[in-house]
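Here are my comments on the model you sent. Please read them with the structure open.

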Amino acid sequence: MKVNNFNLWLRLTVGSAIGAIIYHFSSGRKTEKLRKMVRMRNQIRESENKGEIYTLSAKARR
């Protein structure tokens, strides 16, 4: 059981590393569009989180 579990994690790690390298070095239009979408989504999440933190801190001050 431990060997199979190790093999799974090894395959996931190697696959993720290969995918990250390919993603990093590819320069197609679709890749650039995907990168922009990911960045925009992360910025939206960050702004939502900041808004939630501000709301919670304002409620805590009351």
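The numbered points below go from the whole chain to single residues.

1. This is a predicted model. The protein chain has two helices and zero strands.

2. Burial is scarce in this chain: 3% of its 62 residues count as buried. The accessible surface of the protein chain is about 6,200 Å², and carbon and sulfur atoms contribute 63% of that surface.

3. Which residues make up the nonpolar surface patch? The patch consists of F6, L10, V14, I18 and I22, and together these residues have about 490 Å² of accessible area. One of them, L10, sits in helix α1, which covers residues 2–25. L10 has a relative accessible area of 42%, so this residue ranks as partly exposed. Patch residues need over 30% relative accessible area, and the 42% of L10 fits that cut-off.

4. The structure contains one salt bridge. Side chains of opposite charge can pair when their charged atoms come close. Here the partners are R35 and E32, with an N to O distance of 3.4 Å. The cut-off for such a contact is within 4 Å. Both R35 and E32 belong to helix α2, residues 29–61, where they are three residues apart, or about one turn of the helix.

5. Are the two partners of the salt bridge buried or partly exposed? R35 has a relative accessible area of 14% and is therefore buried, since buried means under 20%. E32, at 33%, is partly exposed. The salt bridge thus joins a buried R35 to a partly exposed E32.

Definitions and conventions
Residues numbered from 1 in each chain as written. Predicted model: local features only at pLDDT ≥ 70, side-chain atom pairs only at ≥ 80, totals over all residues. Heavy atoms only, no water. Patch = residues over 30% accessible without salt bridge, like charges linked within 9 Å, V, L, I, M, F, W, Y side chains within 5 Å. Areas by Shrake-Rupley, 256 points an atom, 1.4 Å probe, with all protein chains shown as cover. Salt bridge = Lys/Arg side-chain N within 4 Å of Asp/Glu carboxyl O. Helix = DSSP H or I, 4+ residues; strand = E, 2+ residues; numbered from the N terminus. Buried < 20%, exposed > 50% of the residue type's maximum accessible area, 1.4 Å probe, protein only.
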